[in-house]
Amino acid sequence: MFLVRRKTAEALFEAQEPRLKNQLRLDVSPSFRAANLRGKLDVETAMAAIGERTLQVMGGYADHQVIESPNVPFVVLMPGPDSFERPLERRLKQSFGLDQSSSSSSSQTALQLLGEDFAAWVEQTPQEAEEYSVYTEAEASFPICMRCEPFPPLIREGDREVGDIQSIDPFKLARREPGAMG
Amino acid sequence: VPKFTLLHASDFHLATVPAGMPPAPQRGFWSRFRRLTQSQINKVFQIGLLGHDALVLEAFAHWLYVNHPALDAIVLTGDLSNTGYQRDLKRALRFLDGPALSTFYDANQEATLGFLNRKCFIVLPGNHDRYRPMPAYLPGGTSFDKLFSAYWPGQFQGVWAWCIPDAARNLVVVGADFALGRRDLGKHHYWLPGWLGQRRVTGPHNPLTLAQLRNATQSLRVHCRTGDIDPVILWAIHFDIFAPDESLQLLESASLVRVAREEKIPIILAGHTHETKIKPVASLASALGPGASTPAVAVLGCGTTAQAGASQGNDFQVLTLDVPDGVGGQLTLSVDWYRYYRLRRFVCVRSECRVMA
């Protein structure tokens with residue numbers, strides 16, 4: 001699980017546009033949610049939620065490249081230790097509700113901390129990063145890349161179980177396990 | 001054999017600010033009153049009031065951008081917006097028809113389905129779309145009808161239908177809005193109020209919807225006939241029939257199922273509970289009372305497609321209907337369930353194929 005440091009979560013919160021503070025919650029993600037959504041930022045939850053949101057933004061960024069160039073094998077997320085790729089940086093700012101102007105030093109600081117956390121996660125847990133198609137070449141720490149994959153075909157004829165409607169048991173798709181990221 | 005492919009998504013909970021709660025009012029006596037009461041309600045129902053996840057929404061738009069040529073229609077069964085407030089409804093409308101400047105992004109770099117033809121949508125309201133801008137989210141809001149009139153001309157507690165034509169046999173989807181009336185507070189469950197999550201099929205505050213649904217079904221069966229072959233008719237509603245959670249019930253569900261059985265409706269599409277499921281109502285025949293024969297009605301429930309922090313996951317489903325082009329054939333329903341997976345995109349997690357009686 002990609003967890004950011006406490007100081008990263010706090011820096012992102014500080015760098016949020018004033019109108020979005022405590023509105024665009026940093027402690028909510030697909031599998032994490034603060035207990036009190038009306039209260040102040042739940043930093044513990046935010047550390048995990050920000051990690052998930054970062055991976056979400058990166059996945060969306062990589063998938064969008066597939067539309068523009070269907071055969072692109074990968075995208076660069078971090079060319080070096082200092083920063084994310086510029087279009088990705090814009091997406092991260094938008095997703096976390098940060099000031100979009102490049103002159104905002106608090107936004108830049110927060111993103112720099114996020115970059116450090118992300119690079120450390122990839123370096124320390126390469127197998128976990130690989131589950132999200134995130135990798136670095138050979139022994140190098142940079143650039144950090146994400147694999148691009150084409151979308152599978154829509155309907156998989158023949159892959160379905162066939163039966164009578166009366167024979168089906170009522171069923172629900174299973175609930176998502178907290179923190180399972182899937 | 002005519003084949004129809006429908007995408008069914010639901011419960012987007014689009015809000016002005018993603019991944020957040022509806023903002024409390026800022027000024028004035030009534031604002032203070034509202035803030036006080038709403039904050040109490042929010043404490044209990046805060047999960048249900050959490051807005052959409054912009055990145056999941058983007059993944060949904062992306063999936064549609066890639067796959068829409070294979071679809072005949074997109075059915076959205078309510079709760080497009082997080083509240084019935086104008087600002088949230090406008091955000092939801094912008095998602096449906098905001099101009100796409102580049103692929104599926106609008107001018108604000110937010111996801112939009114504006115690249116699609118408006119005619120491919122089948123849209124109906126849910127309970128959140130009908131919350132009034134009042135303390136405690138009382139029911140009966142009608143702003144949805146004004147803003148979404150191009151998509152939902154059915155009005156408050158009304159019925160509307162869409163025909164998907166085919167040379168051999170037509171498919172008709174009839175949508176119904178079982179909203180609570182303005183003075184209908186539902187059925188409380190212990191100390192929990194009923195109006196937040198419940199809706200009603202029929203009653204003194206909602207006397208016409210079920211009759212309109214039956215009348216529309218009967219007249220469309222005649223009007224949309226191809227030669228002497230009746231169309232296949234599905235129903236779409238927001239609420240889950242026989243929901244086990246008391247606070248989310250569609251009150252008088254049995255009346256609806258009885259009419260569905262009489263009108264030979266094979267499938268009812270629903271949302272609301274945020275659980276993706278298939279529920280053959282046959283197994284619940286006891287709820288219809290003694291002597292009720294087994295109805296061949298399947299309720300297909302779609303979970304929340306885009307709400308943030310959804311513990312049940314973010315889902316939608318793709319339905320393929322192989323429709324017999326003559327009398328006496330069997331309808332074959334295939335369902336592919338898609339879930340937002342690995343924090344990246346919607347993927348098919350389960351597929352089934354069922355022959356309907």
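I began with the pairing of S1(A) and strand S3 (residues 144-147) of chain A, and I noted that these two run in the antiparallel sense and are joined over four bridges. The model I am reading is a predicted one, which I keep in mind throughout these entries. Along this pairing I looked for a residue and its counterpart, and found A:Met78 standing opposite A:Ile144 in S3(A).

Next I looked up the sheet to which these strands belong. Three strands of chain A make an open sheet in the order S1-S3-S2, with antiparallel pairing. Strand S1 (74-78) and strand S2 (134-136) of chain A are at the edges with a single partner strand each, so one side of each has no neighbour in the sheet. From one strand to the next I read an average twist of 40 degrees. Helix H2 (residues 43-68) of chain A lies across S1, S2 and S3 of chain A, and I recorded that this helix runs at about 145 degrees to S1(A).

I then stepped back to chain A as a whole. I counted five helices and five strands in chain A, and wrote down their pattern along the sequence as α-α-β-α-α-α-β-β-β-β. Of its 182 residues, 52% count as buried. Among the contacts in chain A with a separation of 6 or more, I found that 60% come from residues 24 or more positions apart.

Within helix H2 of chain A I picked out A:Ala49. I asked myself whether A:Ala49 is buried or exposed. Its relative accessibility is 0%, and because the cut-off for buried is under 20%, A:Ala49 counts as buried. Setting aside residues up to four places away in sequence, I listed what A:Ala49 touches: A:Leu26, A:Asp27, A:Val28, A:Ser29 and A:Phe32. For A:Phe32, which is 17 residues from A:Ala49 along the chain, I noted a C-alpha separation of 5.6 Å.

The nonpolar core came next. Which residues touch the most other members of the largest nonpolar core? They are A:Phe118 and B:Trp63, in a core of 110 residues. H2(A) gives the most to this core, with 10 residues. Apart from it I found another core, of 29 residues, which includes B:Ala260, B:Ile265, B:Ile268 and B:Val299. Returning to B:Trp63, and not counting residues up to four places away in sequence, I found that it touches A:Phe151 and A:Leu154 in chain A, and B:Leu7, B:Leu71, B:Phe316, B:Val318, B:Tyr338 and B:Phe346 in chain B.

Two of those names led me to the aromatic rings, of which the structure holds 21 pairs over all chains. The rings of B:Phe316 and B:Phe346 have centres 4.9 Å apart and planes at 50 degrees, so I entered this pair as tilted. The pair links distant parts of the chain, since B:Phe316 lies in strand S12 (residues 315-322) of chain B and B:Phe346 in strand S14 (residues 345-355) of chain B, 30 residues apart. B:Phe316, at 0% relative accessibility, counts as buried, and B:Phe346, at 2%, also counts as buried. I also noted that ring pairs link B:Phe12, B:Phe60, B:Trp63, B:Phe95, B:Phe316, B:Tyr338, B:Tyr340 and B:Phe346 into a cluster.

Last, I looked for charges over rings. The charged end of A:Lys21 sits over the ring of A:Phe13, 5.5 Å from its centre. The charged end of B:Arg342 sits over the ring of A:Tyr132, 5.5 Å from that ring's centre.

Terms used. Residues numbered from 1 in each chain as written. Chains lettered and ligands numbered in written order. Predicted model: local features only at pLDDT ≥ 70, side-chain atom pairs only at ≥ 80, totals over all residues. Heavy atoms only, no water. Phe/Tyr/Trp six-rings, centres within 6.5 Å; stacked < 30°, edge-to-face > 60°. Buried < 20%, exposed > 50% of the residue type's maximum accessible area, 1.4 Å probe, protein only. Lys NZ or Arg CZ within 6 Å of the ring centre and 35° of its normal. Pairing = 2+ DSSP bridges. Axes fitted to C-alpha atoms, helices over the stretch in contact; angles between N-to-C directions. Contact = heavy atoms within 4.5 Å. Core = buried A, V, L, I, M, F, W, Y, C linked by side-chain atoms within 4.5 Å.
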